[in-house]
Every structure is written in structure tokens, then in C-alpha cells.
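Please take a moment with the sequence and the model before reading on. The paragraphs below move from general terms to single residues and then to the chain as a whole.

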Amino acid sequence: MRRAEGWVISESEHESDSAPDGEPGPLKQSRIDPKRGDAGRRSRRTVDADRARAERERRAKEREAVKEEKKREAARLKALRPENCLKRLLLRIHPALLQDERADLLMETLSALGWRTSIDPEGLTHSIMWTRRQPEGEEDEEDEIEEEQVLMVLSLSDFMDVVLSVKQTLLGNPGICGVSPLLNAVSDHLNTHLRSMVTMLVTGFALWNDCHDYVQSQLDMQNEDIEEVMVYLQLQKNVCVRFLNSWQEVTEHVCALTKALSKRPFKELTECADLPFCVDGSWAGGVRVERDGKGLSAVWSRQVQQLNRISPVVAAVVTKAYPSPRLLQQAFEKAESEKARRGLLAELSVSSRARDRHVGPDISARLYRFLTTQNPQMVLD
């Protein structure tokens, strides 16, 4: 390519335009635009600006999407709170319960609390069932969820019919007195509602022992027979039995169970969700104990710290004086009196930055009870 006085002559063009006889043809000339370089730079700046603007818009959309997601999650959490979930619970009461005039106490209490109730003749007889409506905007196959818990409120005579029917079934003679309609209803319900858990609330006796004696005298059953009936109901029918003295206690039980059901969704959410502040650490899997016994001293120290008001410093002092639980137990056995055993650890010195102190008689007595008691129900503190 040759340049001459602002014109560009392309040799390739010159060659292509040659005359047929080999003589060069007329040259094609083009003017150089002196502003072309600035236009190219402006074009690049425009492209960069467009890209930056598009990136800003994309980030703004992402922030808006995150914000909307947080709003939806906050609304979902608010809807699952017990006080809001309670408003979506519906108590379905079978009309057979309303035949008892004492059931007015239950209905008046539920009305005073402002809870939603309905009379449901299609449900299990003599029962109270719960249905929970899903929050708005919740994507679920079902708008309403039927709770697993079912309460049956029975009189003593109804319960005796169930006991007699179960006993005859166990003996292989169900035809003698016929199968109880209540037991049949429970069986049909459990066959169609596999997740249901039925609890029979038997009114008239506060304790099973009182009802036990009454049923034994009325039905001529031995203790083993009645226990067999209770085990059959629980294991074969998934039915629990609870004895209440009055309809006041029935009302209190229904209210307590309703409140517990209202807390379930939020509790399930918090228990199943990952907690971001719980990171993996050396404490996550407990203390590792090697085959040679390395780590047992740390386990012993952790065990001492499980008791209330025992700090790691105090636990270190105790475990240093007695490196294993067995050594401490032997020291207790060698003490001359009960008072000496309780105060065995009281005078151990605990050094801290503030001042020197002792383990004290309270911690010493609790550790003594912890290692020597034979009563698994004893309250250590």
C-alpha cells in the first residue's frame, strides 16, 4: 500500500484493475477520515457505558428479588406464629358429644376464646378433631390439613362396653356380646386415617386405679385381663386412654391440646431449619475418646459441668483431685460419716483472677448425690 498526499492506493486494487493486456489500470483512491479514531473511541465508551448500565440494572433487579423474597419469608413466618395459626384452626365436634348437657361448658369456653368450631356429623363419633387451614400464598396440594390428634370423650359405661368387647375379641368369642359400636367406629377411622392418634378421655374417675377397681367389680375381670385390654388398645389400635374426673378437666385438656397444635408449625420450622450461627467445631461431636483411653478425662470434666452452677474452672479442680468418677466414688465410700461424704469436695481450692475460693458445700453435696444415688427420679438441684 502506498500513501501519497492524503490518498490511499491499494496495490491489490491496482492489480485487479489492470488492463487485459497487462498494463496497469486506473488507480482507486479513498480519503482517510481524520475523525475516525475519535469515533471509534466514542463507540467503545458508549458500549462500556451500556454494559455498566445493564450491570447496574441487573444488580438492582437481584436486590429487589432478594428483598421480595425476604418479605415473603417474613410474611410466612408471621403466618406460622402460634397466635396466627390458632386463628386458622377449626375444632370439629361430633354432635353425639352435645347430647351430654355437661358439654355446654366446653362450647361456652371455646366461644369465649373466639376459636373456630363446627359441628361435624361425618367425623368419628364422640370425637373432637382439628383441621388447620394453610396460610395464604402457601403452595400446597391441600388447602386444609387434618391434624393427627383425635379425642374421644366417653362416659364410664361406654368405656366398659369397649373393654368387654376387646376382652371377648382376645378370647376369640366376639359374638357373645357383639363388638362395641364405638370400637368398630375407631377401627374404621384408623383404617382410613392411617396417621391418626386417638385418645379416649373417660370421664368419671380421676385415676386409673379407681376405674380399674370399678371395672374389675362390674365385669368380673382380673388385673391381668384389664391390663391386657389396655395394652391391646395401645399397641394394636393406636388408642391411648386417659381418665378425667369432670368435663372441666376435659375442657382444659381440649384447650391445652389446641394451643399445642397451634405451636406445631412454627416449632417444626425452627427445628428443621439450618441455624447459620451453629458452625462446626470441636464441640459439635462431643469429646473424642481414643482406644487407649485418651479423652476420658475430658469426658469426666464435661460430665461434671452438666450440673447447674459448675463452671469449667470448678470442674477442672474436681477432676484434677479425682481423675475419674470411680476414684471419687471410692473416696466417698472411705469417708467416715454421711456428713463427711457430703463435704468431701467442699474445701478444694479454686483459683480465679478475682479471688481464691473453695468449691463449697453445695456443689460438693450435689456431686455426692449425683454419684451415689440409687433413685433415677431424684432432683439433684
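A residue is called buried when its relative accessible area is under 20%, exposed when that value is over 50%, and partly exposed in between. What is shown here is a predicted model, and the burial terms can be tried at once on Arg-59, which has 47% relative accessibility and therefore counts as partly exposed. Glu-55, with a relative accessible area of 29%, is likewise partly exposed. The side chains of Glu-55 and Arg-59 meet in a salt bridge, with 3.1 Å from N to O. Both residues belong to helix H2, which covers residues 36-80, and they stand 4 residues apart, about one turn of the helix. An α-helix has 3.6 residues a turn, so residues three or four places apart point the same way. The pair is also part of a wider arrangement, since Glu-55, Arg-58, Arg-59 and Glu-62 are linked in a network of salt bridges.

A second salt bridge joins the side chains of Asp-120 and Arg-92, at 2.8 Å from N to O. This pair links distant parts of the chain, for Arg-92 is in strand S4 (residues 89-93), while Asp-120 is in the loop between strand S5 (116-119) and strand S6 (127-133), 28 residues apart. Are the partners buried or exposed? Asp-120 has a relative accessible area of 13% and so is buried, and Arg-92, with a relative accessible area of 13%, is buried as well. A third salt bridge brings together the side chains of Glu-333 and Arg-326, where the N to O value is 3.8 Å. Here Glu-333 counts as exposed because its relative accessibility is 55%, whereas Arg-326, at 45%, counts as partly exposed. Counted over the structure by the same rule, the salt bridges come to 16.

From charged pairs the reader can turn to helix H10, made of residues 296-305, in which Trp-300, Ser-301 and Val-304 are buried. Why do these residues share one side of H10? They cover an arc of only 100° around the axis, which puts them on the same side of the helix. The buried residues of H10 pack against three other helices, namely H11 (312-321), H12 (325-334) and H14 (361-372). Another residue of H10, Leu-296, takes part in a nonpolar surface patch of about 220 Å², which is made by Leu-296 together with Val-289 and Val-299.

The loop between H10 and H11 holds Arg-309, a residue that has a positive phi of about 65° although it is not a glycine. At 55% relative accessibility, Arg-309 counts as exposed. A positive phi in a residue other than glycine is found in Asn-238 too, where the value is near 55°. Asn-238 lies in the loop between helix H8 (223-235) and strand S9 (239-244), and with a relative accessible area of 36% it is partly exposed.

Which residues does Thr-109 touch, leaving aside those up to four places away in sequence? Thr-109, placed in helix H4 (residues 104-113), touches Thr-251 and Cys-255. The C-alpha atoms of Thr-109 and Gln-248 are separated by 9.9 Å, although these two residues are 139 residues apart along the chain. With a relative accessible area of 24%, Thr-109 is partly exposed.

Cysteines give another view of the model, for a search of the whole structure finds 0 disulfides. Cys-85 is buried, with a relative accessible area of 0%, whereas Cys-240 has a relative accessible area of 37% and is partly exposed.

These details can now be set within the protein chain as a whole, whose secondary structure comes to 14 helices and 11 strands. Of its 381 residues, 31% count as buried. The accessible surface comes to about 25200 Å², and 50% of that surface belongs to carbon and sulfur atoms. Among contacts between residues at least 6 apart in sequence, 63% join residues at least 24 apart.

How values were computed
Residues are numbered from 1 along each chain as its sequence is written. This is a predicted model: local features need pLDDT of at least 70, side-chain atom pairs count only at pLDDT 80 or more; totals for chains, interfaces and linings use all residues. Side-chain values use heavy atoms; hydrogens and water are left out. Buried means under 20% relative accessible area, exposed over 50%, partly exposed in between (1.4 Å probe, protein chains only). Helices (H or I, at least four residues) and strands (E, at least two) are DSSP runs, numbered from the N terminus. The arc is that of the directions from the helix axis to the C-beta atoms. Contact means heavy atoms within 4.5 Å. Patches are made of residues with over 30% relative accessible area and no salt bridge: like charges are joined within 9 Å, nonpolar side chains (Val, Leu, Ile, Met, Phe, Trp, Tyr) within 5 Å. Accessible areas come from the Shrake-Rupley method with a 1.4 Å probe; for residues, only the protein chains shown count as cover. A salt bridge is a side-chain nitrogen of Lys or Arg within 4 Å of a carboxyl oxygen of Asp or Glu. A disulfide is a pair of cysteine sulfur atoms within 2.5 Å.
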